Amino acid sequence: MILLGSNLSKSSVVGIQTGSVIGTIHRAIIDPAKLNIFAYEVIGPLVTVRPTYLLARDIRELSDMVAIIDSVDEFIIAGDVIALDKLEALRFNPVSMRVQDEKGKKLGKVADFTIDMGSYYIQQLVVKRPLMNSLGDTELLVHRTQIIEINNDAIVVHSQAAAFEPERNQVVGSYINPFRKPGESAPEQSTAHGPSR
């Protein structure tokens with residue numbers, strides 16, 4: 001399943017043991033070298049230490065409405081995982097970064113990104129194009145395989161990025177109930193074509 005990164009912000013974190021909300025996703029901690037979600041910062045009334053994190057690998061199910069975990073024991077804090085501390089120090093966030101091709105031509109700025117929920121890898125960047133270059137097409141989808149380099153100034157992509165076949169039809173915005181009994185029909189899902197929040 002593929003979701004928009006912006007749709008995950010403010011998703012509730014629910015523990016299976018209690019069946020209640022124990023926090024809310026605040027922001028993603030992203031590894032720029034692998035372009036994947038390593039963890040999420042979690043906030044909420046039951047989160048007594050700031051910042052508190054939830055490793056992506058410890059999430060059982062994740063949708064644009066809820067992240068399901070075993071219990072509050074999955075939460076970690078700064079100093080628990082060295083790799084997380086290093087990524088947190090980078091404070092990397094692709095949103096609002098400039099995107100340009102290898103020839104230096106500006107393609108726009110990152111407005112959002114899609115995430116493969118099976119691997120937590122960022123699959124596509126949703127790039128908002130400059131008004132003068134949009135020609136009616138205000139967004140450009142750049143697949144992760146077309147990224148050449150990520151530096152402090154910009155995300156550099158192949159100049160053929162505009163010709164890539166998008167995966168947007170796979171982006172869904174509705175919740176899949178992990179507790180549904182086998183064979184029970186799911187409610188009809190609608191395809192999301194952009195941020196819903």
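How many salt bridges does a search of the whole structure find? Five. Keep in mind that this is a predicted model. I'll go through some of those salt bridges, then the main pocket, then one strand pair.

Start with E41. Its side chain meets that of R27 in a salt bridge, at 2.7 Å from N to O. The pair links distant parts of the chain, with E41 in strand β4 and R27 in strand β3, 14 residues apart. E41 has a second partner, R50, and there the closest N and O atoms are 3.5 Å apart.

Is E41 buried or exposed? E41 has 5% relative accessibility, and the cut-off for buried is under 20%, so E41 counts as buried. R50 sits on the other side of that classification: its relative accessibility is 55%, and exposed means over 50%, so R50 counts as exposed.

Next, R91 and E88. These two form a salt bridge, again with the closest N and O atoms 3.5 Å apart. R91 is exposed, with a relative accessible area of 54%, whereas E88 is buried, at 13%. Through shared partners, salt bridges join R27, E41, R50, E88 and R91 into one network.

Now the pocket. The largest one has a volume of about 330 Å³. Which residues lie nearest its centre? They are R27, A28, I30, N93 and F113, out of 22 lining residues. So R27, which we met as a salt-bridge partner of E41, turns up here as well.

As for where the lining comes from, the elements that give two or more residues are α1 (5-8), β3 (21-31), β4 (36-43), α2 (82-90) and β10 (106-116). Strand β3 supplies the largest share, six residues. Sorted by class, the lining has 13 nonpolar residues, five polar and four charged.

Last item, the strand pair. Strand β11, residues 121-128, is joined to β12 by five bridges, and the two run antiparallel. Within that pairing, L125 stands opposite V142 in β12. How many of the five residues of β12 are buried? Four, so the strand, residues 139-143, is mostly covered. As a general point, side chains in a regular strand alternate between the two faces of the sheet.

To recap: the network takes in R27, E41, R50, E88 and R91, and R27 is also one of the residues nearest the centre of the largest pocket. That's all I have.

Key
Residues are numbered from 1 along each chain as its sequence is written. This is a predicted model: local features need pLDDT of at least 70, side-chain atom pairs count only at pLDDT 80 or more; totals for chains, interfaces and linings use all residues. Side-chain values use heavy atoms; hydrogens and water are left out. On a 1 Å grid over the protein atoms alone, a cavity is a set of points where a 1.4 Å probe fits but cannot get out, and a pocket is an open set with protein on both sides within 12 Å along at least five of seven lines; lining residues have an atom within 4 Å of a point. Grid points are joined across faces, edges and corners, and a volume is the space filled by probe spheres set on the points. Ala, Val, Leu, Ile, Met, Phe, Trp, Tyr, Cys and Pro count as nonpolar, Asp, Glu, Lys and Arg as charged, and the others, Gly among them, as polar. Buried means under 20% relative accessible area, exposed over 50%, partly exposed in between (1.4 Å probe, protein chains only). Two strands pair if DSSP finds at least two bridges between them. A salt bridge is a side-chain nitrogen of Lys or Arg within 4 Å of a carboxyl oxygen of Asp or Glu.
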